[in-house]
Amino acid sequence: MKKYLMDVWQIPESAIIIEPHARHTTTNFRNAARIMFRNGFPVEKAAVVTSSFSHLNFVEGMDSRCLRELGYVPYRLGKRLNERMMEFFSLQESLIIQPTEPIDP
C-alpha cells in the first residue's frame with residue numbers, strides 16, 4: 001500500500017505512517033490513532049487509510065468488533081474516497097491502555 005500511495009497518488013514517503021505493532025485491524029486502527037495524537041495531528045482533519053476493496057468493506061462494519069475486543073471504538077470513519085481509500089479520524093479513546101494485552105504499546 002505504501003508503494004501504491006507513492007506511485008499512484010504521488011504521496012511523499014515522509015507523509016506516510018506505517019503502524020508496525022498491531023496483530024489485527026482493530027489494534028492497527030487504535031495504534032494509528034495513538035501515533036496521530038502523539039505527533040500532534042489535528043483531530044478535525046482526516047488521515048487516509050488504504051487497503052484492499054474487500055478489507056475496507058470489513059473495516060466499515062468493524063465498530064462492534066472494536067467494542068468487543070477493545071471495549072471502545074478508537075476511531076471515526078469518514079468518507080470512502082474510492083475502492084481502496086477511506087478517511088479516518090482519531091478519537092481520544094484510542095489512548096486507553098489495556099494492561100491485559102501483552103503488546104499494547
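Gln-98 counts as buried in this predicted model, because its relative accessibility of 15% falls under the 20% limit. The model is a predicted one, and the notes below start from Gln-98 before moving to the core, the strands, the salt bridges and the aromatic rings.

**Gln-98 and its surroundings**

- You will find Gln-98 in the segment that follows strand E3, residues 85–90.
- Its side chain makes a polar contact with the backbone oxygen of Leu-70, at 2.9 Å.
- Setting aside residues up to four places away in sequence, Gln-98 touches Arg-30, Glu-69, Leu-70 and Asp-104.
- Glu-69, one of the residues touched by Gln-98, also takes part in a salt bridge with Arg-65.

**The nonpolar core**

- How many residues make up the largest nonpolar core? It has 15 residues, and those with the most contacts inside it are Phe-29, Val-49, Met-62, Cys-66, Tyr-75 and Phe-88.
- At least two residues of this core come from each of helix H2 (25–38), strand E1 (47–50), helix H3 (53–60) and strand E3.
- Helix H2 gives the most to this core, with three residues.
- As background, nonpolar side chains in soluble globular proteins tend to be buried together.
- Val-49 is in contact with Phe-29, Leu-56, Arg-84, Met-85, Met-86 and Phe-88, once its neighbours within four places in sequence are left aside.
- Two of the contacts of Val-49, Phe-29 and Phe-88, are also listed among the residues with the most contacts inside the core.

**The E2–E3 pairing**

- In which sense do strands E2 and E3 pair, parallel or antiparallel? Strand E2 (residues 75–82) pairs with E3 in the antiparallel sense, over five bridges.
- Within this pairing, Arg-76 stands opposite Phe-89 in E3.
- The connection from E2 to E3 is a hairpin through two residues.

**Salt bridges**

- Searching the whole structure turns up four salt bridges, and three of them are described here, beginning with Lys-2 and Glu-13.
- The side chains of Lys-2 and Glu-13 meet at 2.7 Å, N to O.
- This pair links distant parts of the chain, with Lys-2 in helix H1 (residues 2–9) and Glu-13 in the loop between H1 and H2, 11 residues apart.
- Lys-2 is partly exposed, with a relative accessible area of 30%, and Glu-13 is partly exposed at 46%.
- Arg-80 and Glu-60 form a salt bridge in which the closest N and O atoms are 3.1 Å apart.
- Here too distant parts of the chain are linked: Arg-80 belongs to strand E2 and Glu-60 to helix H3, 20 residues apart.
- Arg-80 has a relative accessible area of 26%, so it counts as partly exposed, and Glu-60 is likewise partly exposed at 43%.
- Arg-65 and Glu-69 form a salt bridge with their closest N and O atoms 2.7 Å apart.
- Both Arg-65 and Glu-69 sit in helix H4 (residues 63–69), four residues apart, which is about one turn of the helix.
- Arg-65 is partly exposed at 22% relative accessibility, and Glu-69 is partly exposed with a relative accessible area of 32%.

**Aromatic rings**

- A pair of aromatic rings is described by the distance of the centres and the angle of the planes.
- The count comes to three aromatic pairs, among them the tilted pair of Phe-29 and Tyr-75, at 4.9 Å centre to centre and 55 degrees between the planes.
- The Phe-29 and Tyr-75 pair links distant parts of the chain, from helix H2 to strand E2, 46 residues apart.
- Are these two residues buried or exposed? Phe-29 is buried, with a relative accessible area of 4%, and Tyr-75 is buried at 3%.
- Tyr-75 also forms a tilted pair with Phe-88, at 6.3 Å centre to centre and 35 degrees between the planes.
- Because Tyr-75 lies in strand E2 and Phe-88 in strand E3, this pair ties together parts that are 13 residues apart in sequence.
- Both members of that pair, Tyr-75 and Phe-88, are buried.
- Phe-29, Tyr-75 and Phe-88 form one aromatic cluster, and each of these residues is listed among those with the most contacts inside the largest nonpolar core.

Key:
Residues are numbered from 1 along each chain as its sequence is written. This is a predicted model: local features need pLDDT of at least 70, side-chain atom pairs count only at pLDDT 80 or more; totals for chains, interfaces and linings use all residues. Side-chain values use heavy atoms; hydrogens and water are left out. Buried means under 20% relative accessible area, exposed over 50%, partly exposed in between (1.4 Å probe, protein chains only). A polar contact is a pair of N or O atoms within 3.5 Å; within protein, one must be able to donate a hydrogen and the other to accept it, and residues adjacent in sequence count only if both atoms are side-chain atoms. Contact means heavy atoms within 4.5 Å. A nonpolar core is a set of buried Ala, Val, Leu, Ile, Met, Phe, Trp, Tyr and Cys residues joined through side-chain atoms within 4.5 Å. Two strands pair if DSSP finds at least two bridges between them. Rings of Phe, Tyr and Trp (its six-membered ring) pair if their centres lie within 6.5 Å; planes under 30 degrees apart count as stacked, over 60 as edge-to-face and the rest as tilted.
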